[in-house]
Amino acid sequence: MKARKVKGLEPRGTLADNAERIVRVRLDELQSFIPKALDPDEVTALHDMRIAAKRLRYVLEVTAESCFGPYAATALKRTKELQDLLGEIHDCDVQLPRVMERMEELRAADARTARERAPRDADDLDPKYATRTASARAWRGLETMAIYIKARRELLFERFLELWTRLERDGFRARLVFAASERPEPVTPASQDGNGARARAAVQSRAASR
């Protein structure tokens, strides 16, 4: 999936202001896959949404703490959680067709074996020739794996729906947009001295309470 172009970036502007523009575009990109990605059969939309979450995550990883307000750090955690969950769903979508394809290959090979066992002049195929074929155990094991992957995918998709519902309920989008518009307090010698004094006071307090 091609990333959306971020317009309005200013080479002479601040990192925070440019990062805010990038976050807004990446957030819109992520949101654009809803409601399509809420359909479990929309494999492509789910895959593309995972990529969009990854892009948003990468931006937040380098800007959340240094450029934005406090909620940006929380948004980073939620975005990572979303990306990881969509990634697990994508793994299932990749694995299942490969398992099914291999199963069909082994079944076809066993069918040829069963036919070769039967007499050439047989009017019909005796079921006994289809037993104990070379790949029977292998494709039955693959059948078990396919069942597991399907069931796991269903469970993971349910978790995705729950997570997205929670994100919408908690105002993830609006809160991140607001956090991206905030700027952290600048670090000054005075603030560093104040932080150091508070830290020393905390240590002394813990020591006195022992």
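At which residue does α2 bend, and by about how many degrees? In this predicted model, local features need pLDDT of at least 70 and side-chain atom pairs count only at pLDDT 80 or more, while totals for chains, interfaces and linings use all residues. Residues are numbered from 1 along each chain as its sequence is written, and side-chain values use heavy atoms, with hydrogens and water left out.

Helix α2 (helices being DSSP runs of H or I with at least four residues, numbered from the N terminus) bends by about 45° at Leu60, the bend being the angle between axes fitted to the seven residues ending there and the seven starting there. Arg55 is placed in α2, which covers residues 43–67. With a relative accessible area of 19%, Arg55 is buried (under 20% relative accessible area, against over 50% for exposed and in between for partly exposed, with a 1.4 Å probe and protein chains only). Beyond its neighbours within four places in sequence, Arg55 is in contact (heavy atoms within 4.5 Å) with Met1, Lys2, Ala3, Arg26 and Glu29.

The structure holds one aromatic pair, for which ring centres of Phe, Tyr or Trp (its six-membered ring) must lie within 6.5 Å, with planes under 30 degrees apart counted as stacked, over 60 as edge-to-face and the rest as tilted. The rings of Phe157 and Phe160 have centres 5.7 Å apart and planes at 50°, so the pair is tilted. Both residues lie in helix α4, three residues apart, about one turn of the helix. Phe157 is buried at 6% relative accessible area, and Phe160 is buried at 0%.

How values were computed. Helices (H or I, at least four residues) and strands (E, at least two) are DSSP runs, numbered from the N terminus.
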